[in-house]
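Student: I'm new to this one. Could you walk me through how to read a few of its features?

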Amino acid sequence: MRARGGSGISTKWIVALCFASFVVGTLFTNRMWQGPESSTAIGDDVVFEPQRRLNAEPCDSKPPTNGEQKDILSEVSKTHMAIRTLDKTISSLEMELAAARAAQASSDSGFPILDKPPGEISEGRPKAFVVIGINTAFSSRKRRDSVRETWMPQGEKLKQLEQEKGIVIRFVIGHSATPGGILDRAIEAEDAQHNDFLRLEHVEGYHELSAKTKIYFATAVSKWDADFYVKVDDDVHVNLGMLATTFARHRSKPRVYIGCMKSGPVLAQKGVKYHEPEYWKFGEEGNKYFRHATGQIYAISKDLATYISINQPILHRYANEDVSLGSWFIGLDVEHIDDRSMCCGTPPDCEWKAQAGNVCVASFDWACSGICKSVERIKDVHQRCGEGEGAVWSASF
């Protein structure tokens, strides 16, 4: 049967046209979705031509030469030193500002500690590299003479050491319980002979060492503008050249606390040496102290000495002076430097180290908390462990 009107399209032609349209559509679609010719397939990844050329072509830049590397390291080192110097300068300015505020507050309140407090920093203080305070007592005349005869210069050499090297050395002592008595007059006569004392507004006493330490640093800061302040006992041997050279390595640091760091037991039992009445503050029985420098010799930088000077009325004193000092720095941004050359033993220990080229800063006997029988033995220690008389004069710092 034919279609009506004779103009219809047969079923065969319809099927043929549909198939042709399908084929043409498939070819067109494949052409449109084909990746760019400039790309190359590698596994499942596609790497485009610009990236492939970048990976294939070596970089024209050459690695730096040894000289260029040294220049870069030198610049980095200079920048680092400049930052540390700036940090120290800022810290010093902060301390000076705090000192000025403290002085103003004291003036406003009408409650000065003394007529001229040790913490009051005077104008025009002489500059120094290090101030060394030798802790001594009224009964220690022989010890002082033994120190003068060994590692401490005397007379004009002591003045020359201050002027040329910036090293100030003084025996540190307060007053007796009866001012103007025989003990004070003996020290005044000795000072008139040697001119090497720093007198403190302090009443001497073994159980007052923590107070003496505070007043010493405050007084020293008020008299000298130094980079470092040292406290050392009068039965310890010191090599001044090695001390200055060691401290010079830390000169650019703003807040440093240098010594032989230790952490001894907190002694709660009454009657024993170094008994700590406030033992309960350190936790359970048998606990140890926080890290602090042993009391025979230690050093602090200018900022820390100024901090003690400003805050001395509110700094707590423990029974042991070295523990007290360490406690004052807890919570502050302070670098503790554990330098074992500051606590060498007496011969043969310090002698062997000196022969090996490792001259000690300080030597003493742990068993005696100083050189045992120092008056008789310090000369021998000086001969066997001393750095030589010319060392401090030739040292560069």
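Student: Let's start with strand pairing. In which sense do E4 and strand E5 pair?

Tutor: Keep in mind that this is a predicted model. To read a pairing, look for the bridges and the direction of the strands. Here E4 and strand E5 (residues 197-203) pair in the parallel sense, over four bridges. One spot to look at is histidine 175, whose bridge partner in E5 is valine 203.

Student: Which helix does the chain go through from E4 to E5?

Tutor: It passes through helix H6 (residues 182-194), and this β-α-β crossover is right-handed.

Student: How many bridges join E3 to E4?

Tutor: Six, and these two strands run parallel as well. Look for isoleucine 134, which stands opposite phenylalanine 171 in E4.

Student: How many residues of strand E4 are buried?

Tutor: For burial, the cut-off is under 20% relative accessible area. Eight of the nine residues of strand E4 (residues 167-175) are buried, so the strand is largely enclosed by the rest of the structure.

Student: Now for empty spaces inside. How many cavities of 30 Å³ or more are there?

Tutor: There are three. The largest has a volume of about 80 Å³, and the second largest about 50 Å³.

Student: Which element gives the most to the lining of the largest cavity?

Tutor: That's H7, with four residues. Strand E3 (127-135) and helix H7 (209-223) each supply at least two lining residues. Among the residues of that lining are Gly133, Asn135, Leu209 and Tyr216. By class, the lining has three nonpolar, three polar and three charged residues.

Student: What lines the second largest cavity?

Tutor: The lining includes Val266, Tyr279, Phe282 and Asn287. By class, its residues are four nonpolar, three polar and two charged.

Student: What about backbone oddities? Which residues does a cis peptide bond join?

Tutor: Check omega for that. The bond joins proline 347 and proline 348, with omega about 15°. Proline 348 is in the loop between strand E10 (335-338) and helix H11 (349-355).

Student: And what is phi of tyrosine 274?

Tutor: Near 70°, a positive value in a residue other than glycine. Tyrosine 274 is in the loop between strand E8 (256-262) and strand E9 (292-301), and counts as partly exposed because its relative accessibility is 37%. Serine 369 also has a positive phi, near 55°. Its place is the loop between strand E11 (362-363) and helix H12 (374-385). At 22% relative accessibility, serine 369 counts as partly exposed.

Definitions and conventions:
Residues numbered from 1 in each chain as written. Predicted model: local features only at pLDDT ≥ 70, side-chain atom pairs only at ≥ 80, totals over all residues. Heavy atoms only, no water. 1 Å grid on protein atoms, 1.4 Å probe; cavity = no way out; pocket = protein on both sides within 12 Å on 5 of 7 lines; lining within 4 Å. Points joined across faces, edges and corners; volume = space filled by probe spheres on them. Nonpolar A, V, L, I, M, F, W, Y, C, P; charged D, E, K, R; others polar. Buried < 20%, exposed > 50% of the residue type's maximum accessible area, 1.4 Å probe, protein only. Pairing = 2+ DSSP bridges. Right-handed = clockwise from strand over helix to strand, strands pointing away.
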